[in-house]
Amino acid sequence: GHQGANASELAYATLQSHTFGDLRRISQEETYSIEAMSGEAQRGSKWYRGIYGGPSWLGGCKCISIGSYELTKIVDGSGQPLEPYYSEFVKYMGDVPIRFWLGQADSGDDPWWGAEQDDNRT
């Protein structure tokens, strides 16, 4: 993990959920994080979603990655492809029809964008 990252760079955060919004009670046993990854094509485009836990015999240490994964942004805030990640994703997906949610519809624009621009929405 990047737990020593400088907070002013917005490169690391821990995430918690709280039962019924009670900030005194954390509702999950695991430790969750979102961590900026180095070597990205554009700042903020690759993140590591850390999920850490550990058995009680480790004394409560949340030091084992249990289901962590990487997140990669493939379109920018304007809905434009973010390369090389977009092309890598399209190649990986092959001929599967893809739809993206790009934001809120309150601007009057259609927030959906995809390989098939039609009215067959579900």
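Trainee: Over residues 115-122, under what value does pLDDT stay?

Mentor: This is a predicted model, and confidence varies along the chain. For residues 115-122 the model has 6 contacts beyond four places in sequence. Over that stretch, pLDDT stays under 50.

Trainee: How many contacts beyond four places in sequence does the model have for residues 1-7?

Mentor: Residues 1-7 also have pLDDT under 50. The number of contacts beyond four places in sequence is 9.

Trainee: In which strand is confidence highest, and in which is it lowest?

Mentor: The protein chain averages a pLDDT of 79, and 76% of the residues score at least 70. At the low end is strand 7, residues 112-114, with a mean of 57. The highest confidence, at 94, belongs to strand 5.

Trainee: Is strand 3 largely enclosed or open?

Mentor: Count its buried residues, meaning those under 20% relative accessible area. In strand 3, 6 of the 8 residues are buried. Therefore the rest of the structure leaves strand 3 largely enclosed.

Trainee: How many bridges join strand 2 to strand 3?

Mentor: The two strands run antiparallel. One pairing puts Ile 34 opposite Arg 49 in strand 3. The number of bridges between strand 2 and strand 3 is 6.

Trainee: Which residue in strand 5 stands opposite Lys 46?

Mentor: Strand 3 runs antiparallel to strand 5, residues 69-72. These two are joined by 4 bridges. Opposite Lys 46 stands Thr 72.

Trainee: Which residue stands opposite Ile 64 in strand 4?

Mentor: Strand 4 covers residues 64-65. It runs antiparallel to strand 3, with 2 bridges between them. Opposite Ile 64 is Gly 53.

Trainee: Is Ile 64 buried, partly exposed or exposed?

Mentor: Partly exposed lies between the 20% and 50% limits. The relative accessibility of Ile 64 is 38%. So Ile 64 counts as partly exposed.

Trainee: About how much accessible area does the nonpolar surface patch with Ile 64 have together?

Mentor: Trp 57, Leu 58, Ile 64 and Ile 66 form this patch. Together their accessible area is about 420 Å².

Trainee: Is Ser 45 buried or exposed?

Mentor: Ser 45 sits in the loop between strand 2 (31-36) and strand 3 (46-53). Its contacts, leaving out residues up to four places away in sequence, include Glu 40, Leu 71, Thr 72 and Tyr 85. The relative accessible area of Ser 45 is 1%, so it is buried.

Trainee: Which residue shares a salt bridge with Asp 22?

Mentor: The structure holds 1 salt bridge. Its N to O distance is 3.1 Å. The partner of Asp 22 is Arg 24.

Trainee: Is Arg 24 buried or exposed?

Mentor: The cut-off for exposed is over 50%. Arg 24 has a relative accessible area of 75%, so Arg 24 is exposed.

Trainee: Which residue has a positive phi although it is not a glycine?

Mentor: Look in the loop between strand 1 (12-15) and strand 2. The residue in question counts as exposed, at 85% relative accessibility. Its phi is about 50 degrees, and the residue is Phe 20.

Trainee: Which two residues does a cis peptide bond join?

Mentor: Omega is about 10 degrees at this bond. One partner, Pro 84, lies in the loop between strand 5 and helix 1 (85-93). The two residues are Glu 83 and Pro 84.

Technical notes. Residues are numbered from 1 along each chain as its sequence is written. This is a predicted model: local features need pLDDT of at least 70, side-chain atom pairs count only at pLDDT 80 or more; totals for chains, interfaces and linings use all residues. Side-chain values use heavy atoms; hydrogens and water are left out. Buried means under 20% relative accessible area, exposed over 50%, partly exposed in between (1.4 Å probe, protein chains only). Contact means heavy atoms within 4.5 Å. Patches are made of residues with over 30% relative accessible area and no salt bridge: like charges are joined within 9 Å, nonpolar side chains (Val, Leu, Ile, Met, Phe, Trp, Tyr) within 5 Å. Accessible areas come from the Shrake-Rupley method with a 1.4 Å probe; for residues, only the protein chains shown count as cover. A salt bridge is a side-chain nitrogen of Lys or Arg within 4 Å of a carboxyl oxygen of Asp or Glu. Two strands pair if DSSP finds at least two bridges between them. pLDDT is the predictor's confidence in each residue, from 0 to 100.
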